[in-house]
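Thanks for making time. I will go through one model today, starting with the whole chain and ending with backbone details.

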Amino acid sequence: MAADLSVVGLVEEFMVGQHDESAKDLATGVINGKYTALEIVEALGGSLINSEPRTRGRGVHLLSQVLLLSYSSLNQKEVEVLVIFYIDRLKDHHLLTPYVLQGLKALSTSSVLPEGLAVAVLKALFQELHVQSLLQSDRHSVYNIISNFMDTREQELKGLGADFTYGFIQAMDGEKDPRNLLLAFQISKDLIVNDYDLGPFVEELFEVTSCYFPVDFTPPPNDPHGISQDDLVLSLRSVLTATPRFAEFLLPLLVEKLDSDVQSSKVDSLQTLTACCKDYRKKDLKEFLPALWHSIRREVFQTAVEKIEIEGLAALQAIATALSKSVIDSDAEDSLDTFLSNVLQDCEHHLCEPDMKLVWPSAKLLQAAASASYRAWYKITNSIYPLLLEQFNKHKQSSQRWTILGILKVFIKLADNWSKDEEVENPLCAFKDQLCVLVFSALTDSSAQLQIVGTSTLAVLGSQQGLLLPSDIKLSVDHLNRLILQEDDPQVCAAALEASTAISAIHPSAFINRMVPPLTRELSTELEEVRDCTEPPARSENFLHRRCIQALAAISTRPSIVQETVPVLLKYLTDLQKDSADSKSELAILTCNSLKLVAEQCKDAGESSKYFHQKVIPCLLGLAVQASIQASAVECGSEAPLGILCEEKVITALGTVISIVYSQRQTELVSRTISQVVALFLDGNDSFLPEDNFPGKFHPFHTPNLPWPQTQLIALLQAAVCSLPKDVVVPQQGKLLAHLMELCCTSNHRFTYTSAAKCVAGLLNKYPAGEQLDSVLQCMLKKVDCELQRNGGDYSHPASRTRIFTLLLWLTKSLVLRYHPLAATLTDKLMSLLTDPDLGTEAADGFSLLVSDSTDVLNRATHADVRIMYRQRFFTENVPKLVQGFHAAGKDNKSNYLKALSHVLNSLPKQVLLTELPSLLTLLLEALSCSDQVVQLSTLGCLHPLLLEAPQIMSLHIETLVNKLLNLTTSPAMKVRIASLQCMHALTKLPSHVILPHKARVIQALAKPLDDKKRLVRREAVTARGEWFLLGSPGS
């Protein structure tokens, strides 16, 4: 009885309007078993039969609110009673309808709904309600009820037959709200896809949905529902293309809409045609093929809009594909053959027109049709190959031949789609000889453009398995040799290199025998010391050697070729090390880059990978070690010259090759060879190197005050050990870290101690978490603290603090990337250095390194532990500290904080930046007055998106923005002037009443940049000033 009294009390509170939260309390009681739904109905008794409709509505409202929260706790008997009650209430006053629908929506999701009640509810809805006269939310409830029953009571609803379809059509007819339309379209699609009985209402269902095609909807600004036009377009398209039974209605509609002048209507129609063809077959399409082809041809021939052309070609391919899938009856015509004949008839004659105006549109249409199936490709290629070959020989102008050859290339390339799958003879075989003559003639033409398209066509021909004879391949390689070594045009050479890559993968022996030898001979000639005045301008110094190096890399596509080309590159690098000229350094770097390219191409080839580990890496290390020992002798007074392999940029290039090789996931091979590399650096064990008769010992860690040529090779050690996969254990890692730390603290050579710091960072980033790592880090941290304090204030030894700072910086990055707890401590230490008179500027620039990607270490390519969204986390943890430090810093140090802050902000994605910048806006405006151009530029980069995306916030600071941005338009730095003018342009997007008061002053001030000495600045000034001129004018 107490429970009854509490129910009555809560009901009364709700009914008198004192406490709407009573519904939640009652629902909680039902869920907990304290009350039952029928007890609530009983307590509502008088209210539900009250003569006043509003009172009855209030009672039903309460009951529906309870059911929406507790429907899953009801038993079957309660659900049955309540459903019958709500069905009866549908006949009541219209004021009750919204609450009745809410209750039915809740009950429609119940898993214990008795059989037959779903049908009863829908019959009542269709009979008692005129759905389109209801409010949007009530119509939404109706669609939800139908959708819920379709999900859970499919068989019962199918028992209604076509009556259910008819009832839904009547309910949906005239719907305009996009929220409801999404639901209605989904129901329509489910009716079709789930095989509900459409009866005689197929056309009616089509009409009630197709009246929205094409969708024309612009969502209101700041729409909370987030419904876009694309959502409606795709939802409607899924209905219209759901069944071939709509074909007789849909296809004429699409043809009609293609005649529209509205571009979006054309695109939507073509995309819908493409989608429906996935399920349509000959019987669905046959009647409408002429009209569809006529519309598509017109759009491709006449449109100037690329999107329409692309969709038209896609639709044509879809039609041909659908026809290709149709079964051919022995006594019926082949619809595909007939359709393609019409396409050929309308396009072929354009290929023969003297002015060639419609050649490419016709070729695109033929290509789209040929892409549909093997049958389509076979018919079209057999028809147009003779025609195109005849036209090529007929036309003598290079431009016309270029066009025809380009079309031929496209059709030859289509063979890749079918030649491997079909047993029928490749139609290319019949025209192979003519094609070869045609391509070879293009390769010897004086027109560079014709040579380029000829070369790319040769690549496509040569890539066809079994098409060209050995004699054709040999002649092809000879032509490629000539283009690479003799043609001045770099684009022709690039095309020849690309063709060589493609063909060498299919015919490696031809390239080994006919390309590698001439390239080797050319590289063995003496390097040009002075450019010959008779040479054409395109032939720069060492022109041929550069091309040979690139060609050797390009053709290294197979292990058999790699073992011929790589020794040539290594020998060339060996010969280069004797010289120190800048031009030879560039050649050495180019050679290393070529070796890197070969290593990347061979990543998945076990044989080539093994070759690199056993032959290439020892050779490269041997060359570097020999050069370092010889250079060390120079340091000691010998007269031997320093080689180019002692230059930092060349060592860095060597490192990229080693890094690629050791980043491969071949654990056993990598583990075996990395131990040899580590032993070379730690113990001087050079037994695995090809030449071990060096003129001295290699001990980069052991000798006090060792000359820098040896210590700088730590960069090669770093490239190897820091690129290893995480499952490969670094041998002697503890000893290695100790020596590297010592080098970081004692070396006076910047490249050496920077490479050592990178190596320490790379090793610790992958070091397994645990006490051992924590112990190593604590020791390093004490060492860093000790060195910084010991040399603090000692202005006579600034280098000692710089090198320990370099270690601190890379160590911090290593830990930030892996979310190590000590990362915060190290970052705070870096922040404390922002006020240091010696290291403040370097510390500020160091924040850029912390949040940017590193190319040689601590990146995903080298298997580093890089956590997702580490930049956002770094921002959240450290920007408040930077802001606080800025306010507390003295005037001389504020710029360091601003620079550090700008580096962090510029690393964030734009979406994150827009949410965080408003709170930092005042600080950023102050940064515009900073004299540091790096700070100015990065701050302008932060402000520009905010001006476009957050105009309300920026409007509050318009006076400050205008003043500071105009000052920066006269900055000494061109990039700052450009960025400030871009921001001045973006200011015009602010509300008119905010910026109009500044119009006259801005226009006058922007006159000066119009005469800037830099063209890029003048261009931005014209754009910005023009926008300011238009402010306030009609239509602006």
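What follows is a walk through a predicted model, with a few residues picked out along the way.

Start with the overall picture. The chain has 53 helices and zero strands. Of its 1036 residues, 55% count as buried. Along the principal axes, the C-alpha atoms fill a box of roughly 115 × 85 × 70 Å.

Next, the charges. The salt bridge count comes to 36. I will take three of these pairs and then a network.

One pair is Arg298 with Asp259, whose side chains meet in a salt bridge at 3.1 Å, N to O. This pair links distant parts of the chain, 39 residues apart: Arg298 sits in helix 17, residues 289-302, and Asp259 in the loop between helix 14 (247-258) and helix 15 (263-276). Are the two partners buried or exposed? Arg298 has 18% relative accessibility, so Arg298 counts as buried. Asp259 has a relative accessible area of 47%, so Asp259 is partly exposed.

Then there is Asp284 with Lys283, a salt bridge between side chains at 3.3 Å, N to O. Here Asp284 is buried, because its relative accessible area is 10%, whereas Lys283 is exposed at 71%.

The third pair is Asp853 with Arg871, at 2.7 Å, N to O. Again the pair links distant parts of the chain, 18 residues apart, with Asp853 in the loop between helix 42 (840-851) and helix 43 (870-888), and Arg871 in helix 43. Asp853 counts as exposed at 63% relative accessibility, and Arg871 is buried at 19%. The cut-off for buried is under 20% relative accessible area. As for the network, Arg56, Asp88, Arg89 and Asp92 are joined into one by salt bridges that share partners.

Now the surface. Which residues form the negative surface patch? They are Glu203, Glu204, Glu207, Glu248 and Glu287. Helix 12, residues 202-210, gives the most to this patch, with three residues. Glu207 is in helix 12, and Glu207 counts as partly exposed because its relative accessibility is 42%.

A polar contact away from that patch discussion: the side chain of Gln400 contacts the side chain of His395 at 3.1 Å. Gln400 belongs to helix 22, residues 398-413. With a relative accessible area of 15%, Gln400 is buried.

Last, the backbone. Most residues other than glycine have a negative phi, and most peptide bonds are trans. With that in mind, here are three places to look at.

Phe213 and Pro214 are joined by a cis peptide bond, with omega about -10°. Pro214 lies in the loop between helix 12 and helix 13 (229-240).

Asp195 is not a glycine, yet has a positive phi of about 60°. The residue is in the loop between helix 11 (178-193) and helix 12. Asp195 is exposed, as its relative accessible area is 61%.

Tyr819 also has a positive phi of about 60° and is not a glycine. Where is Tyr819? In the loop between helix 40 (798-817) and helix 41 (822-832). At 25% relative accessibility, Tyr819 counts as partly exposed.

That is the tour. I will take questions now.

Methods:
Residues are numbered from 1 along each chain as its sequence is written. This is a predicted model: local features need pLDDT of at least 70, side-chain atom pairs count only at pLDDT 80 or more; totals for chains, interfaces and linings use all residues. Side-chain values use heavy atoms; hydrogens and water are left out. Patches are made of residues with over 30% relative accessible area and no salt bridge: like charges are joined within 9 Å, nonpolar side chains (Val, Leu, Ile, Met, Phe, Trp, Tyr) within 5 Å. Accessible areas come from the Shrake-Rupley method with a 1.4 Å probe; for residues, only the protein chains shown count as cover. A salt bridge is a side-chain nitrogen of Lys or Arg within 4 Å of a carboxyl oxygen of Asp or Glu. Lys and Arg count as positive and Asp and Glu as negative; His and the chain ends are not counted. The place of a charge is taken as NZ of Lys, CZ of Arg, CG of Asp or CD of Glu. Helices (H or I, at least four residues) and strands (E, at least two) are DSSP runs, numbered from the N terminus. Buried means under 20% relative accessible area, exposed over 50%, partly exposed in between (1.4 Å probe, protein chains only). A polar contact is a pair of N or O atoms within 3.5 Å; within protein, one must be able to donate a hydrogen and the other to accept it, and residues adjacent in sequence count only if both atoms are side-chain atoms.
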